[in-house]
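I opened this notebook to record, in order, what I looked up in the structure. The entries go from the whole chain to single residues.

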Amino acid sequence: MKQNKFLIKPVFYLVASIALSGCQSMVWPDYLRPKVETPDRYVELSQNAAQSQIAKDWWTLYQDETLNKLIASALKHNTDIKVAVANIEQADAVMKEAGTFLIPSVNLDAAGTRSRVTEAGAFPVFSANPRNNFNIKLGTNFELDFWGKLGRAKESARASALSSRYAKDTVTLSLTGLVASQYLTLRSLDKQIQIAEQNLVSRDASLALTKRRLEGGIVSALDVYQAEVANTNLRAQISELKRQQSLSLNQLALLTGDLDLAVRGLGPTQSDIMALPIPPVPPLGLPSSLLESRPDVRQAEQQMIAANANIAVAKAALYPSISLTANWGGESLELKDILSSAARIWTGGLSLSLPIFNGGRLNARVDQEAAKQKKTLATYERTIQTAFTEVNDALVSLRQQTEREQSLLTSQTSAQKMLTLSENRYQSGYSAYIEVLDAQRTYNEASLAFVQARQARLVATVDLFKVLGGGWEPEPTK
């Protein structure tokens, strides 16, 4: 008979656990990832793309040590990163708190009182008066998670904690992209200033030559005035480029959290933007399912998981709450007797609380959580669609910027030849000085446009890294 008694307990606990899990699923179903329809492939992909995997530290592909140091400083000191880390710590603490509700809490209560009771009242007491009373007890209160309310609350908190981690990854990806783009802008401005100053040297020489020809009576004062106007216009352009350079440096200082950077600068000769390598582009046949690696997509999904769990918590509040309570300790008139067997006290009980009437408040909470779940679902779908569009846009921009750069390289080469020819013709007296001015202006604009095109092409690669979640991995061959 005793053996059967020992067998009944584990069977009872097994049946109870199965019943509990069944009740939890009955209250509200578990999360299932929704299907969002997107094309299997992106619209544009390079035919001559590298098939290698791109790591998450994609900025190292530009092979620029200064850029690597700037990004390392940004990841360490940027205030947005610090906020994201604090959000993670807060979400982790909330998750830990939610987990503790699944574990019984134990409290120790102790008290000592001294009181005097009446000796002349209706029920006089003639014992020791005044008298002492001491008690100490351990108590516990544990709610049985019969409907899964506590478990789903923990599930929601865990999903929120994961969401905060993906939010930090999103901030990190955005920050590294901003730093890289701003650094490329700074290097582009450095190169443009260098080109403009070289052209200024050429224009100074042309102005000096024109003045000598004026003194010799070969040209009129009109040529000198035209040369002076062209010279001062170029100086003004250089001043504007330097202004933009300073603003770009200030932005880098803010992004990296190193405000001293705006003071000491980076130096215009540390890295030539024309020497930076062009990173590889995605291989042909890259699947659109790669979007799942984007942290903002993962963040949106974790928010859906949390919203689904919150509906279950709100639904479970409509059902009875069942709790176990117990207390054990001692109570005596003398402190020395409080642990004796005669002073022993204990209680145990089972409580049930069922909402009968609350004016529809609990049902309204269920409706609120259901509406939030619909909103997170729509947000998830929009995130997927936006991500897919951003990748296609980045691919188009990269292809077009590559073609634009190649065209402007040809334009710069032709402008250089035109400038040389016009200067030779002017010095030989075959043409007016206006042709030289046009050629100088054309060459200067073509050179600056070519540098800007290289910057735009490199920034397009940065944008592509960002929208692909920081890198990519080619589809495995079958």
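How many helices and strands are there in the protein chain? I counted nine helices and four strands in this predicted model. I then read their order from the N terminus, which is α-α-α-β-β-α-α-α-α-β-β-α-α.

**Entry: confidence**

I looked up the confidence before any detail. The mean pLDDT of the protein chain is 84, and 86% of its residues reach 70 or more. By element, I found the lowest confidence in helix α1 (residues 2-27), with a mean of 48, and the highest in α2, with 93.

I also noted two stretches in which pLDDT stays under 50. Residues 1-22 form one of them, and there the model has two contacts beyond four places in sequence. Residues 46-51 form another, with 15 contacts beyond four places in sequence.

**Entry: burial, contacts and surface**

I recorded that 38% of the 478 residues of the protein chain count as buried. For contacts between residues at least 6 apart in sequence, I found that 84% join residues at least 24 apart. The accessible surface of the protein chain is about 27300 Å², and carbon and sulfur atoms account for 57% of that surface.

**Entry: nonpolar cores**

Which residues of the largest nonpolar core touch the most other members? I listed Trp58, Leu67, Val179, Leu252 and Leu266, out of 30 residues in this core. The elements that contribute two or more residues to the core are α2 (65-77), α4 (149-215), α5 (221-256) and α9 (433-467). I noted α4 as the element that gives the most, with eight residues.

I took Trp58 for a closer reading. Leaving out residues up to four places away in sequence, Trp58 touches Leu173, Thr176, Gly177, Ala180, Val462, Phe465 and Gly470. Apart from the largest core, I found another core of 23 residues, which includes Leu290, Ala306, Leu395 and Leu398.

**Entry: Thr383**

I next looked up Thr383, whose place is in helix α8 (residues 361-427). Is Thr383 buried or exposed? I recorded Thr383 as buried, because its relative accessible area is 13%, under the 20% cut-off. With neighbours within four places in sequence set aside, Thr383 is in contact with Asp296, Val297 and Ala300.

**Entry: Thr113**

I placed Thr113 in strand β1 (residues 105-115). Thr113 has a relative accessible area of 43%, so I entered this residue as partly exposed. When residues up to four places away in sequence are not counted, Thr113 touches Arg131, Asn132 and Asn133. I also read the separation between the C-alpha atoms of Thr113 and Phe134, which is 6.5 Å for two residues that lie 21 residues apart along the chain.

**Entry: surface patch**

Which residues form a nonpolar patch on the surface? I found Val106, Leu108, Leu138, Trp328 and Trp346, which together have about 610 Å² of accessible area. From this patch I followed Trp346, which lies in strand β4 (residues 344-353). I recorded Trp346 as exposed, because its relative accessible area is 64%, over the 50% cut-off.

**Closing entry**

I set the two threonines and the tryptophan of the patch side by side. Thr383 is buried, Thr113 is partly exposed, and Trp346 is exposed.

Notes. Residues are numbered from 1 along each chain as its sequence is written. This is a predicted model: local features need pLDDT of at least 70, side-chain atom pairs count only at pLDDT 80 or more; totals for chains, interfaces and linings use all residues. Side-chain values use heavy atoms; hydrogens and water are left out. Buried means under 20% relative accessible area, exposed over 50%, partly exposed in between (1.4 Å probe, protein chains only). Contact means heavy atoms within 4.5 Å. A nonpolar core is a set of buried Ala, Val, Leu, Ile, Met, Phe, Trp, Tyr and Cys residues joined through side-chain atoms within 4.5 Å. Patches are made of residues with over 30% relative accessible area and no salt bridge: like charges are joined within 9 Å, nonpolar side chains (Val, Leu, Ile, Met, Phe, Trp, Tyr) within 5 Å. Accessible areas come from the Shrake-Rupley method with a 1.4 Å probe; for residues, only the protein chains shown count as cover. A salt bridge is a side-chain nitrogen of Lys or Arg within 4 Å of a carboxyl oxygen of Asp or Glu. pLDDT is the predictor's confidence in each residue, from 0 to 100.
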